[in-house]
Amino acid sequence: EGNVFYIVEEGDLVALKEEVGQEPREVMQYGPGDYFGELALLKNQPRAASVRVKSEVAKVLSLDRKAFVKMLGPVKDVLKRKQSEYA
């Protein structure tokens with residue numbers, strides 16, 4: 001279940017979707033300033049993909065559900081509008 005929102009501070013990461021009987025496929029790439037984990041928080045659903053580090057080093061900031069709602073509540077509508085951009 002997705003209960004954490006992440007912001008990439010440094011490094012390169014990739015989101016992989018896994019389907020039964022198939023190799024994981026890359027669906028997104030992330031770099032500094034990008035974020036992920038918001039869909040699971042907004043929809044109260046399990047994560048849709050796994051995120052892995054591609055670079056030698058990566059650093060992410062994280063917010064649990066409570067902090068996400070408290071700090072990012074005002075931008076919740078913006079994040080919901082961006083949902084349509086995801087595969």
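## Ring clusters, sheets and cores in a predicted model

Ring pairs link F5, Y35 and F68 into a cluster. The model in which this cluster appears is a predicted one, and the report below moves from the aromatic rings to the overall layout, then to the two sheets, the nonpolar cores and one exposed residue.

### Aromatic pairs

A pair of aromatic rings is described by the distance of the centres and the angle of the planes. A search of the whole structure finds four such pairs. Y6 and F36 make up a stacked pair, with 5.0 Å from centre to centre and 20 degrees between the planes. This pair links distant parts of the chain, since Y6 belongs to strand 1 (residues 4-10) and F36 to strand 4 (residues 35-36), 30 residues apart. F36 also takes part in a pair with Y30, which is tilted, with 5.0 Å between the centres and 40 degrees between the planes.

The residues of these two pairs can also be described by how much of their surface is accessible. F36 has a relative accessible area of 9% and is therefore buried, the cut-off being under 20%. Y30, with a relative accessible area of 10%, is buried as well, whereas Y6, at 23% relative accessibility, counts as partly exposed. The table places these values beside that of Q29, a residue to which the last section returns.

| Residue | Relative accessible area | Class |
|---|---|---|
| F36 | 9% | buried |
| Y30 | 10% | buried |
| Y6 | 23% | partly exposed |
| Q29 | 51% | exposed |

### Overall layout

The protein contains three helices and six strands, and from the N terminus on its elements run β-β-β-β-α-β-β-α-α. Of its 87 residues, 22% count as buried. Among the contacts between residues at least 6 apart in sequence, 71% join residues at least 24 apart.

### The sheet built from strands 4, 1 and 6

One open sheet has three strands in the order 4-1-6, and the pairing in it is antiparallel. Strand 4 and strand 6 stand at the edges with a single partner strand each, so one side of each is left without a neighbour in the sheet. Helix 2 (residues 65-72) packs on this sheet, where it touches strand 1 and strand 6, and the direction of the helix makes about 85 degrees with that of strand 6.

Strand 1 is joined to strand 6 (residues 59-64) by six bridges, and the two strands run antiparallel. Within this pairing, the bridge partner of Y6 in strand 6 is S62, and that of V8 is V60. On the strand 4 side, two bridges join strand 1 to strand 4, again with antiparallel strands, and here the bridge partner of I7 is Y35. Y35 is thus named both in this bridge and in the ring cluster with F5 and F68.

### The sheet built from strands 3, 2 and 5

Another open sheet has its three strands in the order 3-2-5, with antiparallel pairing. Its edge strands are strand 3 (25-30) and strand 5 (50-53), each of which pairs on one side only. From one strand to the next, the twist averages 30 degrees. Strand 2 (residues 13-17) and strand 5 run antiparallel and are joined by four bridges, and in strand 5 the bridge partner of A15 is V51.

### Nonpolar cores

In soluble globular proteins, nonpolar side chains tend to be buried together. The largest nonpolar core here has six residues, namely F5, L41, L42, L63, F68 and L79. Apart from this core lies another, of five residues, including V8, L13, A15 and Y30. F5 and F68 belong to the largest core and also to the ring cluster, while Y30 belongs to the other core and forms the tilted pair with F36.

### An exposed residue in strand 3

Q29 lies in strand 3, and its relative accessible area of 51% makes it exposed, because the cut-off for that class is over 50%. Not counting residues up to four places away in sequence, Q29 touches L13, V14, D34 and K54. The side chains of Q29 and E26 are joined by a polar contact of 2.6 Å. Between the C-alpha atoms of Q29 and V51, which are 22 residues apart along the chain, the separation is 9.0 Å.

Definitions and conventions. Residues are numbered from 1 along each chain as its sequence is written. This is a predicted model: local features need pLDDT of at least 70, side-chain atom pairs count only at pLDDT 80 or more; totals for chains, interfaces and linings use all residues. Side-chain values use heavy atoms; hydrogens and water are left out. Two strands pair if DSSP finds at least two bridges between them. Axes are lines fitted to C-alpha atoms, for helices over the stretch in contact, and angles run from 0 to 180 degrees between N-to-C directions. A nonpolar core is a set of buried Ala, Val, Leu, Ile, Met, Phe, Trp, Tyr and Cys residues joined through side-chain atoms within 4.5 Å. Buried means under 20% relative accessible area, exposed over 50%, partly exposed in between (1.4 Å probe, protein chains only). Rings of Phe, Tyr and Trp (its six-membered ring) pair if their centres lie within 6.5 Å; planes under 30 degrees apart count as stacked, over 60 as edge-to-face and the rest as tilted. Contact means heavy atoms within 4.5 Å. A polar contact is a pair of N or O atoms within 3.5 Å; within protein, one must be able to donate a hydrogen and the other to accept it, and residues adjacent in sequence count only if both atoms are side-chain atoms.
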